Amino acid sequence: MSTYDESLLAARFAALAPEPLIGDWDDVLDRARTARNGRGLLGRLRPSAFRGRRRRLVLMLAAAALVVVVATASALAVRAFILDRGFIGLPPQGATPSAPESGELVVLWLGRSATNGALVRSWVYADGRIIWSRSGSIPEGANELTSGYLEQRLTPEGVELLRSAVAGLFDGSRTLLETVPAPYPGVGLVGSSPLLVPPGPADWGLVEVPRGDRLVRLAWLPAGSGEQTATPEQLSALRRVDALLTDPASVLPPSAWAIREVKAYVPSHYAVCIETSPPKAASQLLSLLPARAADVLRANSVTRLDWGVAATTYCSKLATEKAREVAEALSGLDQDPRWQRHTLAYRVAEGAHNWEATAIWFEPYFPHGQFTYSASG
């Protein structure tokens with residue numbers, strides 16, 4: 001159990017159980033056996049008194065059984081705080097956040113997988129956590145379109161297996177590596193010299209590893225007519241990394257897993273972002289929100305993200321409970337269909353065109369201090 005200790009829980013319920021009956025049960029049984037023809041313990045009891053004591057004993061046994069049932073149900077309720085499937089938007093009240101709150105990023109993957117055909121995002125951390133999402137329907141998923149963000153935990157051996165596979169891929173494609181700034185939330189396939197792979201359902205993606213405050217990136221795109229494609233060795237290395245990062249449960253050995261069971265990734269903070277096109281000042285956008293939501297956002301620092309001249313996005317980093325206050329204040333607005341079933345998002349104001357509408361939405365922060373666009377890609 002994560003939030004409560006089972007021994008403490010058992011002790012608390014044991015304290016509620018009835019006190020044991022006083023007396024020597026061997027003596028009671030001996031005297032009961034001599035109760036014939038009105039002699040002995042049972043003979044001395046009036047029938048009504050015997051029925052009264054028997055009723056009390058039955059009630060006490062029923063109460064003890066009820067305590068056991070309540071204790072079992074309560075223990076299961078505590079376990080339910082660990083979510084075993086993904087969700088969209090904010091976690092249920094009381095869900096246990098992923099720990100530790102921060103972590104060192106080892107590898108990031110974004111792309112269409114050759115292993116399962118899904119769009120997969122995957123973040124691997126030095127502490128063993130692998131946080132991922134994939135498109136489509138899976139048993140642990142949030143809905144039929146997306147898994148939501150899920151979490152498993154590797155052993156140090158498992159982390160090293162992933163790290164060494166990516167190192168091998170990078171070593172075979174050194175001339176194509178690029179060093180890029182830490183990404184904006186909407187990670188794109190920006191690359192002047194991508195690895196060119198045969199066209200197909202899994203012909204684009206990227207892998208990044210941190211280097212200081214920047215990232216080393218290898219991106220791949222489909223090869224066009226007459227262009228030089230990846231060598232067989234490069235494709236083999238890429239497919240190995242693909243399998244390890246998009247379907248690790250099928251390819252990693254048991255020794256690579258500390259916790260193989262899937263649970264929901266529950267963040268401690270959210271980015272609450274408001275976006276509009278054409279660009280507007282933050283004060284203009286906040287004035288469009290319900291008063292309580294605007295007050296919470298004004299009380300926190302706002303970061304401006306410019307996506308060229310077409311749109312402007314303002315994001316605030318909020319603890320999950322503060323983000324919940326904002327969401328509750330926005331609950332009277334219509335949800336924005338552009339993010340429907342991928343992200344919790346509300347339509348704040350209409351625009352001349354659908355892409356010019358003003359929207360506010362919620363994105364989880366990951367342990368390395370970044371967030372992404374859940375509906376992008």
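**Exercise 1. Place the side chain of Arg121 in this predicted model: which side chain does it touch through a polar contact, and is Arg121 buried or exposed?**

Solution. Begin with the side chain of Arg121, which makes a polar contact of 3.0 Å with the side chain of Thr372. A further step takes in the backbone, where the oxygen of Tyr373 lies 2.9 Å from a polar atom of the Arg121 side chain. Arg121 itself belongs to strand S2, which covers residues 119-125. Its relative accessible area is 5%, and because the cut-off for buried is under 20%, Arg121 counts as buried. Finally, turning to the backbone trace, the C-alpha atoms of Arg121 and Thr246 are separated by 7.7 Å, although these two residues stand 125 residues apart along the chain.

**Exercise 2. Describe the overall make-up of the protein: how many helices and strands are there, and what share of the residues counts as buried?**

Solution. Counting the elements gives ten helices and 14 strands. The protein has 377 residues, of which 41% count as buried. To see how the chain contacts itself, take the contacts with a separation of 6 or more: residues 24 or more positions apart account for 64% of them.

**Exercise 3. Determine how helices H5 and H6 are packed: at what angle, and with what distance between their axes?**

Solution. Two packed helices are described by the angle between their axes and the distance between the axes. For H5 (residues 156-171) and H6 (residues 232-246), the angle is about 155 degrees and the axes are 9 Å apart. Since angles over 145 degrees count as roughly antiparallel, H5 is roughly antiparallel to H6. The sense of the crossing comes next, and H5 passes H6 in a left-handed one. On the H5 side the contact is made by Leu161, Leu162, Ala165, Val166 and Leu169, which meet Gln234, Ala237, Leu238, Arg240, Val241, Leu244 and Leu245 of H6. Sorted by character, the residues of this contact divide into ten nonpolar, one polar and one charged.

**Exercise 4. Carry out the analysis for helices H9 and H10: within what distance do their axes come, and at what angle do they cross?**

Solution. The axes of H9 (residues 291-298) and H10 (residues 320-330) come within 7 Å and cross at roughly 155 degrees. That angle makes H9 roughly antiparallel to H10, and the crossing in which H9 passes H10 is left-handed. The residues that make the contact are Arg292, Ala293 and Val296 from H9, together with Lys322, Glu325, Val326, Ala329 and Leu330 from H10. Their division is five nonpolar, no polar and three charged.

**Exercise 5. Examine Val207 and Glu151: in which strand does each residue lie, and is each buried or exposed?**

Solution. Val207 lies in strand S7, which runs over residues 205-211, and with a relative accessibility of 0% Val207 counts as buried. Its C-alpha atom is separated by 5.5 Å from that of Leu218, eleven residues apart along the chain. Once neighbours within four places in sequence are set aside, the contacts of Val207 include Val107, Trp109, Phe170, Leu218 and Trp220. Val166 and Val241 are also among the contacts of Val207, and these two residues take part in the contact of H5 with H6 as well.

Glu151 is found in strand S4 and is buried, with a relative accessible area of 3%. Its side chain is joined to that of Ser98 by a polar contact of 3.0 Å. With neighbours within four places in sequence left aside, Glu151 is in contact with residues including Arg129, Ile131, Glu261, Lys263 and Tyr265.

**Exercise 6. Characterise two loop features: where does Ser147 lie, and which peptide bonds to Pro100 and Pro278 are cis?**

Solution. Ser147 lies in the loop between strand S3 (129-134) and strand S4 (150-154), and at 0% relative accessibility Ser147 counts as buried. The side chain of Ser147 reaches the backbone nitrogen of Arg134 at 2.9 Å, and the residues in contact with Ser147, beyond its neighbours within four places in sequence, include Gly86, Trp132, Arg134 and Glu140.

For the prolines, the bond from Ala99 to Pro100 is cis, with omega near -5 degrees, and Pro100 sits in the loop between helix H4 (47-79) and strand S1 (105-112). The bond from Ser277 to Pro278 is cis too, with omega near 0 degrees, and Pro278 belongs to the loop between strand S10 (269-276) and helix H8 (282-286).

How values were computed
Residues numbered from 1 in each chain as written. Predicted model: local features only at pLDDT ≥ 70, side-chain atom pairs only at ≥ 80, totals over all residues. Heavy atoms only, no water. Axes fitted to C-alpha atoms, helices over the stretch in contact; angles between N-to-C directions. Helix = DSSP H or I, 4+ residues; strand = E, 2+ residues; numbered from the N terminus. Parallel < 35°, antiparallel > 145°, perpendicular 65-115°, else oblique. Left-handed = near helix turned anticlockwise from the far one by under 90°. Contact = heavy atoms within 4.5 Å. Nonpolar A, V, L, I, M, F, W, Y, C, P; charged D, E, K, R; others polar. Buried < 20%, exposed > 50% of the residue type's maximum accessible area, 1.4 Å probe, protein only. Polar contact = N/O pair within 3.5 Å; in protein donor to acceptor, adjacent residues only side chain to side chain.
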